[in-house]
2 protein chains.
Amino acid sequence: MNAPEHQRMKSQCANALRFLAADAVEKARSGHPGAPMGMAEIAEVVWRRHLRHNPANPKWIDRDRFVLSNGHASMLLYALLHLSGYDLPIAELQRFRQLHARTPGHPEVGVTPGVETTTGPLGQGLGNAVGMALAERLLAATFNRDGHTIIDHATYVFLGDGCLMEGISHEAASLAGKLALGKLICLYDDNGISIDGDTSGWFADDTVQRFLAYGWHVATVDGHDAVAIDRAVTEAKSSEKPSLICCRTVIGKGAPNKAGGHDVHGAPLGAQEVAGMRDALGWVAAPFDVPADIADAWNARERGALAEDDWTRRFARYSAAYPELAAELLRRCEGTLPPDYDDGLMSAVNDRSSALHQKMATRKASQLALEQLVGVLPELFGGSADLSGSNLTNVKASTWVNHHGTGNYLSYGVREFGMAAVMNGIALHGGFIPYGGTFLTFSDYSRNAIRMGALMKLRVIHVLTHDSIGLGEDGPTHQPVEHASSLRLIPGNRVWRPCDGVETAIAWLAAVQRTDGPSCLVLSRQALTPMERSAEQIEDIKRGGYVLGDAAAVDVVLIATGSEVEIAGRAAQTLAERGIGARVVSMPCVELFFAQDAGYRDAVLPPGVPRVSVEAGVTWYWRGVVGERGASVGIDSFGESAPAEALYEHFGLTSTRVAEAALSLIGKQQ
Amino acid sequence: MNAPEHQRMKSQCANALRFLAADAVEKARSGHPGAPMGMAEIAEVVWRRHLRHNPANPKWIDRDRFVLSNGHASMLLYALLHLSGYDLPIAELQRFRQLHARTPGHPEVGVTPGVETTTGPLGQGLGNAVGMALAERLLAATFNRDGHTIIDHATYVFLGDGCLMEGISHEAASLAGKLALGKLICLYDDNGISIDGDTSGWFADDTVQRFLAYGWHVATVDGHDAVAIDRAVTEAKSSEKPSLICCRTVIGKGAPNKAGGHDVHGAPLGAQEVAGMRDALGWVAAPFDVPADIADAWNARERGALAEDDWTRRFARYSAAYPELAAELLRRCEGTLPPDYDDGLMSAVNDRSSALHQKMATRKASQLALEQLVGVLPELFGGSADLSGSNLTNVKASTWVNHHGTGNYLSYGVREFGMAAVMNGIALHGGFIPYGGTFLTFSDYSRNAIRMGALMKLRVIHVLTHDSIGLGEDGPTHQPVEHASSLRLIPGNRVWRPCDGVETAIAWLAAVQRTDGPSCLVLSRQALTPMERSAEQIEDIKRGGYVLGDAAAVDVVLIATGSEVEIAGRAAQTLAERGIGARVVSMPCVELFFAQDAGYRDAVLPPGVPRVSVEAGVTWYWRGVVGERGASVGIDSFGESAPAEALYEHFGLTSTRVAEAALSLIGKQQ
């Protein structure tokens, strides 16, 4: 192919993306054609010349990762996957945005082969990508050996103005710069248009200067000049810093009348405009029809197979030289746990003389559990949003990436949202189980990333300490009251609020074992009294709720979580002294308890027996547990600044009040 | 006073801050001495030389605003307020962090005179300050006249490393730069220490370059050199850009052994270290004792009275020249509404031929309500996080600040969290009722600012559109299912989910009338059918829930919100055809309904009659309404990408299913 012919083919390859996107949006009568059309040349260069992937095996460990942070441009990604040869037939593109199609409105991991992360909430894709690039580095440092470079791949990101306006872009980019994640290559669709119009009215950053301030390599190119883009990507690949390539583009490029305006962002072009584009670009193919030569030029199956075959041969040599390492890499990437990893922790659980049975804060118990787990689970990758000594997320075996470039622990800085999105990215990459700490109240900052982890069914563990007014003097800004309950409302999320060392250990094991979603460990700042349990009770912790203390005849059931379980226990004693039989149910994971069969649930919470809940938080959630004839002791206002004991008195979170509530319920006024 | 003596006095004034902070933390055995000690010179310069305020009247309209964005340094602010002469006696400092003291762990507006905003959750103070500076500009543009500069004040901010790491600092600073808020002056406590230790491990930004990229004026000074700080502040005051003064400081400066380390950040220094500091700084006064000459040097009551008196005289002249403007300024700053402002909107509500009674999306109805309200309430300041055309927050009378420098509408850019924090700042400043739009799903991004607005009892209105799977094709990332319920759990927050134009109008009026907290208006993307109501029913909307449709004998109550009210209505018809009497209760504001007296509640929801709730969201919250014998039709998983109608079918949000649920409840199987 001569140069002009080569150039024409490249242009037509880009135009194929334009038409697939425009035609699919047209057919769906819904979607975002502007960004796919504006980024067509960028996508052509990255996907045809640089991205190392194998469409036949989207799970190849050492593939380059691709993240579409501006997820509304989903049709660009579907077009790329389809043309490259992924299992995404044209029929799926024709069903863009329809029920159960593999082409949802925003890219969803697990739905479409080749989609690496679910994007749409802006800026988070960049955070995910930082996690992927970090995971690559850490895995490479652990598994590569001289002459055996088994892990060595790049992470490419497309992002838009919206991603760069979002605060999380600051958190993610600042962290990536500090960590010098050189294999992270971002291409910014600098089209100057967002939904409200010309971005100059609200977004006047000098983005080049901003990213230089983060320690990035930055380049600026014409985003429709394939040669310039190619040169910039090549340069970025050799940089030891993360790279931002600012691509000046025209949104909706190719549309004869609408290009460059905001009408092209999030609505179909209309039949007339698409027809005009066909004329203007000399594109004669029918909608969803890609000329054979262009389809061939796009097809990456052969190139992909060669790339993975090469890797497979190298991996075979590596396996021969380092059989244990190779097996361990595969185990970690599959996400299976090693045998007997829980022996140490379960010994501590079952040994009443172990440290786990001391009176201590559950954040401290969490650290004890981690001391056991980090030793046997090298895939645990820890961290904290600048609260390591408060969250107690660091352990003796923690090696800080901040200081060593690699390790098993990262101080993320004061970046809660960034941390959660990066953890999602680490989990998506594979090879790790990320956990990270902040105060429970700041789960508000990271909330949408926790949600995204639940949507993506990611094994990510959020360590959320200082879980109630029990944190004391820091006051209402730092005292979560609604947070545990509101985290429980996120579908697929699991919230554990353990009452002592044993429950904390079981919660950790459950979180590590869970493969279909995130877990939030909600932990106390203050010391809690250890409970006594039989082996069966310990077993039942895994069911989310169980009978911790019982009476011969049960007149009332007291249901509590975390720091309030001991209050319920004391209330039961008070009631016993008055001849009232009170059962104490500890319910560290409400969602899990209510997922048990009715037989178990009724055995724990006998129908018809009045119920009182006790939790240092909003009571509305507990209406669902105690029913309209039950009572809830909790806090339905914001907290106060004072020592913890004073606050428990002030807010009436006392055994006296719980006993009163129970007595009042069962009609025996004191 | 000669120069060396002057210098000595300034140093001792700074040291007075150090000792009050260190001694109060010591006595409380809890708190953060490091930042107050490190910022003592900065605080001395700003508060004694620049801040224009009157300690006797913390509500003076034209005072400079001061925001401590690094709120953990609260003792610095309490020391400043006490020494300046605010109503904060030394006894309150001695009760630092104790129950009901006016000196809580983090500064709280409404608790301590002179505290302008509640801070602690890092970065938000900066966002509030941007709102204050913006409010000042807008108010000045509206009310100042030639020769009558009635509004002209600065906003000072102290902030730390944590604030600058948080993503919201990017959103707030980028916006402030674009808007060229020249009266915003920030002083950055660049001490190189955060909780996890030396910040160089996780925070390597070139902050100067970063803020230059935002279009700020930036200076760097030695934060213990009062002369240099003074010069930098003077320069900042004359800049037309917002200013960041990076002050290199030593955390815990003055502590002989602990200064410069992270132990001094968040824990008492210990008696020995405080004693050592007394020796080192030659401070002989006992704890909480301030030598008279230093107390005199700090006292700002006379200077403050002079400043306000001058303004009062100028305001008197202004009132004489522009009596209506002056009265209007006072009205707006008091936050009272003008008479009869609701006439127009209530006419539309009561006139069944008005546009409000058409079938339309509630986001559209919201725009219609705004068309009425913006005309009569100049204090309404609108905006959107780059979704104006989707949220329909803009109206014909909207003048965009982005394009005109002033106006009554701001496109905030894709900055949900920043927008919410800025709105809090605008409300705190006074003179405005801010409202701002985004998609309901992105309330996750702004959630902690919504919470802070509730904690501060601010009249802020969040317009949250695209409120369910009814948004259709954008899919689960954009489909809120748990958001309405989880926003209801924030104490003091009020969530409205209206079902048609009339309810939307009433919700707007309730939000505007509410003076003790924020309101979230949760609105549909899709068109909804208008309901018929009597005058009494319209009146009852204000009670949060009411009987919309009734039966002669009520066998079952169907309770619904928003887009599901019409589904409940159709289900009632189906049931009627089968001889079942179903009442339909519309409950646009659940919290408000349950705040009504028991008589009203029981009249609407007769005890003993089975209940079915219908809302396109998680059902757990509704357990609290329907009770354990009730049923809930909703969505307990994430959504899907498809047209809205297909999704309602797919998720079973249909009148058939509601009728089935009701039949099943009352024991009459179909």
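Which residue follows H4(A), and what is the sign of its phi? The residue is A:Gly85, and its phi is positive, near 110°. The model in which this is seen is a predicted one.

Helix H4 of chain A spans residues 74–84 and is mostly covered, with 10 of its 11 residues buried. Among the buried residues are A:Met75, A:Leu76, A:Leu77, A:Leu80, A:Leu81 and A:Leu83. The list also includes A:Tyr78 and A:Ala79, as well as the serines A:Ser74 and A:Ser84. In general, an α-helix has 3.6 residues a turn, so residues three or four places apart point the same way.

The next topic is the relation between the chains. A turn of 180° with a shift of 0.0 Å along the axis lays chain A on chain B, with an RMSD of 0.0 Å. The two copies are therefore related as by a two-fold rotation axis. The same surface serves both copies, since 100% of the contact residues of chain A recur in chain B. Within chain A, the residue that comes closest to the rotation axis is A:Gly167, with its C-alpha at 1.8 Å.

Aromatic side chains come next. Over all chains, the structure holds 44 aromatic pairs. One of them joins B:Phe381 and B:Phe432: the ring centres are 6.2 Å apart and the planes stand at 75°, so the pair is edge-to-face. The angle decides this class because planes over 60 degrees apart count as edge-to-face. This pair links distant parts of the chain, 51 residues apart. B:Phe381 lies in strand E9 (residues 380–384) of chain B, whereas B:Phe432 lies in the loop between helix H19 (416–429) and strand E11 (433–439) of chain B. Both B:Phe381 and B:Phe432 are buried.

One aromatic cluster is formed by A:Phe593, A:Phe594, A:Tyr600, A:Tyr621 and A:Trp622 together with B:Trp620. A:Tyr621 also has a charged neighbour: the charged end of A:Arg488 sits over the ring, 5.0 Å from its centre. In chain B, the charged end of B:Arg145 sits over the ring of B:Tyr322, 5.9 Å from the centre of that ring.

The last site is B:Ser613, in strand E19 (residues 611–614) of chain B. B:Ser613 counts as buried because its relative accessibility is 1%. Its side chain makes a polar contact of 2.8 Å with the side chain of B:Ser632. Leaving aside residues up to four places away in sequence, B:Ser613 touches B:Ile559, B:Trp622, B:Val626, B:Ala631, B:Ser632 and B:Val633. B:Ser632 thus appears both as a touching residue and as the partner in the polar contact.

Key:
Residues numbered from 1 in each chain as written. Chains lettered and ligands numbered in written order. Predicted model: local features only at pLDDT ≥ 70, side-chain atom pairs only at ≥ 80, totals over all residues. Heavy atoms only, no water. Least-squares fit on C-alpha atoms with pLDDT ≥ 70 in both. Contact = heavy atoms within 4.5 Å. Phe/Tyr/Trp six-rings, centres within 6.5 Å; stacked < 30°, edge-to-face > 60°. Helix = DSSP H or I, 4+ residues; strand = E, 2+ residues; numbered from the N terminus. Buried < 20%, exposed > 50% of the residue type's maximum accessible area, 1.4 Å probe, protein only. Lys NZ or Arg CZ within 6 Å of the ring centre and 35° of its normal. Polar contact = N/O pair within 3.5 Å; in protein donor to acceptor, adjacent residues only side chain to side chain.
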